[in-house]
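Reader: Hey, got a minute to go through a fold with me? I'd like to talk about how the pieces pack.

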Amino acid sequence: MSEILKRIDDAGHVVVIAHAHPDADSIGAASAFYTHLLRLHKKVSFFCVTHDINPKLKFIPWTDKIRNSFVSSADLAISFDCASRERLGVEVECDLINIDHHEINTNFGNYSLVDKSRISTTEVLFYFFKENGIEINAKMATALYAGLLDDSGGFLDEKVNGMTFALAGELIERGADYKLCNKFIMKYTTLGAFRLKAIMHKNMKLYLDAKVAVFCVSDDDMKTSGAIEEDCENSLEEALHLQSVEVALLLKQNSDFSIKGSLRSKTADLLKIASCFGGGGHKNRAGFTIGSSMSLENARDDILKLIYKEI
Ligand SMILES: [Mn+2]
């Protein structure tokens, strides 16, 4: 039995943790593990620091169990898709298992299961379950498929290969509801998201021979559209479909006037850029936060200079 399974065996009360502003990968991996722990007759809690989980993720099993206060009586926590301790959004005092696939994962925690070659944390988990003879039921398969679908950008990411489709096939064989995943992860939208998209498309600016697309979204844009933070990312990713665009940058002003930056690219290494602002992520998807002292325009000019060096 692996060290991790031994530790779980000894635990009385386990908390599964999805990162702040969770995506389908983080929630999906935590959800699949939640099912596994219930089958072991463990006491389980599901923690995420973010209050409003994106409604498009609510089809994933056990999202109704998510709480944003950490249960102090827990003696073991397991984080999913968290590249660093900060992503947990809580100071964990009990033992911690870190399950992830981010390039920049620091192997924090008492035990870690980090495979940076994997497209999603749910892919890491799939092989962990398989190698340890843990049966994946339909509920778990749907949760794992949701993470794989989302983190692979609908199977369009450059890391996707035949093995990815074989894995998707295995999950479908085990009962993954891929139609439900497609409906929510790929197609779900809201009126707020629609309105924000119109604002973002209208205000998009192109730089450096149209190789860089920049979106600046003010707090006012968010309020007038009624969109939520995650809605900004769709237009950002769509900009990469433009033939000339190699890097897309989103600068979103938060209500405290700090700025959340998100970067997407076809080829450029974004980790270098994001790390200049204390951020992280993946080579082709990265993010960072800038304090409230800088205007959107100044932040844009500073980041453009860094992007020019990378493309
Ligand atoms: Mn992920």
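Author: Sure, let's go over the sheet and then the helices; keep in mind that this is a predicted model.

Reader: Cool. What's the strand order in the sheet?

Author: The open sheet has 6 strands in the order S3-S2-S1-S4-S5-S6, with parallel pairing. Strand S3 (66-67) and strand S6 (111-114) are the edges, each pairing on one side only.

Reader: And how many bridges join S1 to S4?

Author: There are 5 bridges between S1 (residues 13-18) and S4 (residues 76-80), and the two run parallel. Ala18 stands opposite Phe80 in S4.

Reader: Which strands does H2 lie across?

Author: H2 lies across S1, S2 (43-47), S4 and S5, and runs at about 165° to S1.

Reader: Switching to helix pairs. What's the angle between H2 and H3?

Author: H2 (residues 24-39) and H3 (residues 121-131) pack at about 25°, their axes 8 Å apart. Angles under 35 degrees count as roughly parallel, so that's what H2 is to H3.

Reader: Which residues make that contact?

Author: From H2 it's Asp25, Ser26, Gly28, Ala29, Ala32 and Phe33, and from H3 it's Thr121, Thr122 and Leu125. By class, the H2 contact with H3 has 4 nonpolar, 4 polar and 1 charged residues.

Reader: Now H4 and H6: is the crossing left-handed or right-handed?

Author: H4 passes H6 in a right-handed crossing. They pack at about 45° with axes 10 Å apart, and are therefore oblique to each other.

Reader: What's the residue mix there?

Author: That contact of H4 with H6 divides into 7 nonpolar, 1 polar and 1 charged. Among the residues making it are Tyr145 and Leu149 of H4 and Ile185 of H6.

Note on methods. Residues numbered from 1 in each chain as written. Predicted model: local features only at pLDDT ≥ 70, side-chain atom pairs only at ≥ 80, totals over all residues. Axes fitted to C-alpha atoms, helices over the stretch in contact; angles between N-to-C directions. Helix = DSSP H or I, 4+ residues; strand = E, 2+ residues; numbered from the N terminus. Parallel < 35°, antiparallel > 145°, perpendicular 65-115°, else oblique. Contact = placed C-beta atoms within 7 Å. Nonpolar A, V, L, I, M, F, W, Y, C, P; charged D, E, K, R; others polar. Left-handed = near helix turned anticlockwise from the far one by under 90°. Pairing = 2+ DSSP bridges.
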